[in-house]
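Open the model in a viewer and keep the sequence panel beside it. The stops below say what to select and what is found there.

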Amino acid sequence: MKLADIIEILSKRFLNYKIHELEKYNAENINVNFFQYIDVIGDMESPTYGELAQKLNLSKPAITAIVNKLIKQNLVYKEQSMTDKRTFYIKPTKNGLNIFNSCRLAHNDLAEKLTEEEYKQLVHLLCLVIE
């Protein structure tokens, strides 16, 4: 099997898993790209709009539109800063955290099929590929 075939199979599996997760949480009209946003928000632990825009390399108006859509779907909420009332932090809701965690589990399912040594080798090789 060729590397391209393996990457395609893994991509489809993760995509199908993500679509299934969105359906489970009744997240309508949200495309799979929103998993990236939820993943980044979860990783950053309460980013501001500006921090999220910088991390995703998007404009602040684009981030505002994305966050508003995620708020409508009950996947994130915004919380005003206690020290600077102009600043809002973006935080995942319970559903957002569940999706964030389920994505991590999907990736961990792959790792569970490998021995510890195989896992280390895979991580090492993939790091070489993305550098």
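Helices here are DSSP runs of H or I with at least four residues, and strands are runs of E with at least two, numbered from the N terminus. By that numbering, Asn57 falls in the loop between α3 and α4, the latter covering residues 60-72. Keep in mind throughout that this is a predicted model.

**Stop 1: two asparagines in loops**

Select Asn57 and check its backbone. Its phi is positive, about 60°, although Asn57 is not a glycine. Is Asn57 buried or exposed? Its relative accessible area is 70%, and because exposed means over 50%, Asn57 counts as exposed.

Move on to Asn74, in the loop between α4 and β1, a strand of residues 76-80. Asn74 also has a positive phi, near 60°, and is likewise a residue other than glycine. With a relative accessible area of 43%, Asn74 is partly exposed.

**Stop 2: helix α2**

Select residues 33-44, which make up helix α2. How far apart are the end C-alpha atoms of this helix? They are 17 Å apart. Twelve residues at 1.5 Å a residue should span 16 Å, so the distance in the model agrees with the expected one. The expected span uses one less than the number of residues.

Now colour the buried positions of α2: Phe34, Phe35, Tyr37, Ile38, Val40, Ile41 and Gly42. Just after the helix comes Glu45, whose phi is positive, near 55°.

**Stop 3: the aromatic pair**

Stay in α2 and show the side chains of Phe34 and Tyr37. Rings count as a pair if their centres lie within 6.5 Å, and by this rule the count comes to one aromatic pair. Phe34 and Tyr37 form it, with 5.1 Å centre to centre and 85° between the planes, an edge-to-face arrangement. Why are these two residues about one helical turn apart? Because they are three residues apart in helix α2. Both partners lie under the 20% limit for buried: Phe34 has a relative accessible area of 8%, and Tyr37 is at 13%.

**Stop 4: Thr48 and Phe88**

Select Thr48, in the loop between α2 and α3, a helix of residues 49-56. Thr48 is buried, with a relative accessible area of 15%. Which residues does Thr48 touch, not counting those up to four places away in sequence? They are Thr87, Phe88, Tyr89 and Ile90.

Keep Phe88 on display and add Lys78. The charged end of Lys78 sits over the ring of Phe88, 5.1 Å from the ring centre.

**Stop 5: the largest pocket**

Turn on a surface and find the largest pocket, which holds about 790 Å³ of space. Its lining has 22 residues, and those nearest the centre are Leu10, Phe14, Leu110, Leu122 and Leu126. To see where the lining comes from, colour α1 (3-24), α5 (94-112) and α6 (116-130); each of these helices supplies at least two of its residues.

**Stop 6: Val129**

Finish at Val129, in helix α6. Val129 is exposed, with a relative accessible area of 63%. Draw a distance from its C-alpha to that of Val67: the two residues are 62 apart in sequence and 32 Å apart in space.

Methods
Residues are numbered from 1 along each chain as its sequence is written. This is a predicted model: local features need pLDDT of at least 70, side-chain atom pairs count only at pLDDT 80 or more; totals for chains, interfaces and linings use all residues. Side-chain values use heavy atoms; hydrogens and water are left out. Buried means under 20% relative accessible area, exposed over 50%, partly exposed in between (1.4 Å probe, protein chains only). Rings of Phe, Tyr and Trp (its six-membered ring) pair if their centres lie within 6.5 Å; planes under 30 degrees apart count as stacked, over 60 as edge-to-face and the rest as tilted. A charge sits over a ring if NZ of Lys or CZ of Arg is within 6 Å of the ring centre and within 35 degrees of the ring normal. Contact means heavy atoms within 4.5 Å. On a 1 Å grid over the protein atoms alone, a cavity is a set of points where a 1.4 Å probe fits but cannot get out, and a pocket is an open set with protein on both sides within 12 Å along at least five of seven lines; lining residues have an atom within 4 Å of a point. Grid points are joined across faces, edges and corners, and a volume is the space filled by probe spheres set on the points.
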